[in-house]
Amino acid sequence: MLSVQDNERITRTGPGTPMGEVFRRFWVPALLSSELADADAPPLRFLLLGERLIAFRDSDGRIGLLEEQCPHRHASLYWGRNEDAGLRCVYHGWKFGVDGTCLDMPAEPAGSRMKDGVRAVAYETHEAGGIIWAYLGPKDKIPPFPHFEWTLLPADHSMATKRLQVCNYLQNLEGELDTAHANFLHREFGENPVMPPPEVARKRFLIAETDFGMLSIGRSDLSDEVAYWRITPFHLPSFTLIPSAGETPYVFTGAVPLDDTHMWGFTVTWSPDRPLDEKELAAIRLDGVHGGVGPHVVVDPVTFRTEANLGNDYLIDRDLQRTGSFTGIPGTRVQDMAVQEDQDGPICLRHKEHLGTTDRGIVGARRLLLRLAEQLEQGIEPPQPQHADSYRIHSVAAEVPPAVDPIELWHSLQPVPAGTTTIEPAR
Ligand code: FES
Ligand SMILES: [Fe+2]
């Protein structure tokens, strides 16, 4: 459990909050590139880390990310005209470039220098892997862009989607680090018994700190000869890789706060060495599907609200729940949302919970995040954002002989050397 105070600290990410400062040291996904595809297209307005923002792509294809309110008298730049390499406020015509520079003040006297002294608040952006990323922190602390593998590959090797999820970011992050739930929540049983057999369900758990964050590790002893390891990397500040085996494409999950009770859920499926095939793309596009398939969900193309949601009981099918699926809810992501969006509501009351041995990864992640917040309050910058190359990693789902060391296993399956790893001894 967490104290009421620590739960406040870890869940609040608005400007000036301790955890908000931690998030403001990292690049975070903000938009899909497809939302802002064309030069001079209408601007977008959205929330990120509790800040009201406007994004636009100017005539030269550059992306601007500005505070929503015009610096003049705070009209919304959402109504603005995106024209001739800048965004012009419709109230009195002030015009801003992508870097926040004021380019024009048409109502001021000719020759006025006033525009030289006014800037819109503008944030840094970086476009990679089908996503527009944002950095909302201090300008003198901009870290290198992390080397997520799919951002280094040809565009047809990956696809990104986005959803609005109605809960605090931590409920989604904790769900991803909670490797024990997969055997229950996501169980499809067909003819087999409903509960997973004990050798699959009763795992052992350990964690290890890394240069990018942490590993959450689970082991099931399938027999005397075979141990099954699932290793979930947690990239700071709130990203995870779902373990997938061998040929399966990898899946990135990003939980990015809009505010403290809503998050953008970014999901990227990628294959390191080939384009995604038609079957994989169909499971991402979801044409004609209801709810979701795997980690991708059907959303409204403008609001990104999910088709399956609390208002329609996530399309639960009680007959299917009896006969073929642990939940009766379509798709693993929708199943996750059903349990994550209401843990006391959008912010879980963690002082009332009862954590078990399966919650090791969750405890480790909380401790790491709270430690970074505390250190930053003391003026100690987090080291992880500087380790851009350590973000090029894979998850692991592997059956191996029992004697194999999980950390050696993880390192042996990474595409490039994965830096330092400090394991905590199993309890
Ligand atoms: S409020 Fe934007 S130009 Fe006046
Ligand atoms: Fe899940």
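Select His181 and His186. Both side chains belong to buried residues. This is a predicted model, so treat each stop as a computed picture.

**Stop 1: the iron ion**

Keep the two histidines on screen and add ligand 2, the iron ion. His181 and His186 each donate through NE2. Now add Asp336, which supplies two OD donors. The donors lie 2.0 to 2.6 Å from the iron ion. Along the chain they follow the spacing H-x4-H-x149-D. What angles do the four donor atoms subtend around the iron ion? They run from 54 to 149 degrees, which makes the arrangement irregular. For four tetrahedral donors the ideal angle is 109.5 degrees.

**Stop 2: helix 8**

Select residues 360-377. This is helix 8, with 18 residues. From its first C-alpha to its last it reaches 26 Å, close to the 26 Å expected at 1.5 Å a residue. Colour its buried residues, among them Ile362, Leu368, Leu369, Leu370, Leu372 and Leu376. Glycines and arginines are on the buried list too, including Gly361, Gly364, Arg360 and Arg366.

What do the buried residues of helix 8 pack against? Show helix 1 (4-11), helix 2 (18-23) and helix 3 (169-177). Then show strand 12 (204-210), strand 13 (213-221) and strand 14 (227-235), which are also packing partners. Step past the end of the helix to Gly379. Gly379 follows helix 8 and has a positive phi, near 90 degrees.

**Stop 3: the cavity and a cis bond**

Go to Leu236 and Pro237. A cis peptide bond joins them, with omega about 5 degrees. Pro237 sits in the loop between strand 14 and strand 15 (239-242). Leu236 and Pro237 also help line the largest cavity. Add more of its lining: Phe26, Trp27, Phe239 and Tyr391 are among the residues there. Prolines in the lining include Pro143, Pro144, Pro146 and Pro385. How much space lies in this cavity? About 60 Å³. The count of cavities of 30 Å³ or more comes to one.

**Stop 4: two positive phi angles**

Select His74, in the loop between strand 4 (63-67) and strand 5 (81-82). Its phi is positive, about 70 degrees, although His74 is not a glycine. Is His74 buried or exposed? His74 is exposed, with a relative accessible area of 51%.

Finish at Leu286, in the loop between helix 5 (278-285) and strand 18 (292-293). Leu286 is not a glycine either, yet has a positive phi of about 65 degrees. Leu286 is buried, with a relative accessible area of 5%.

Conventions. Residues numbered from 1 in each chain as written. Chains lettered and ligands numbered in written order. Predicted model: local features only at pLDDT ≥ 70, side-chain atom pairs only at ≥ 80, totals over all residues. Heavy atoms only, no water. Donors = N, O, S within 2.8 Å, 3.2 Å for Na, K, Ca; no water. Tetrahedral: all angles 85-135°; square planar, octahedral: opposite > 155°, others 65-115°. Buried < 20%, exposed > 50% of the residue type's maximum accessible area, 1.4 Å probe, protein only. Helix = DSSP H or I, 4+ residues; strand = E, 2+ residues; numbered from the N terminus. Expected span 1.5 Å × (residues − 1). Contact = heavy atoms within 4.5 Å. 1 Å grid on protein atoms, 1.4 Å probe; cavity = no way out; pocket = protein on both sides within 12 Å on 5 of 7 lines; lining within 4 Å. Points joined across faces, edges and corners; volume = space filled by probe spheres on them.
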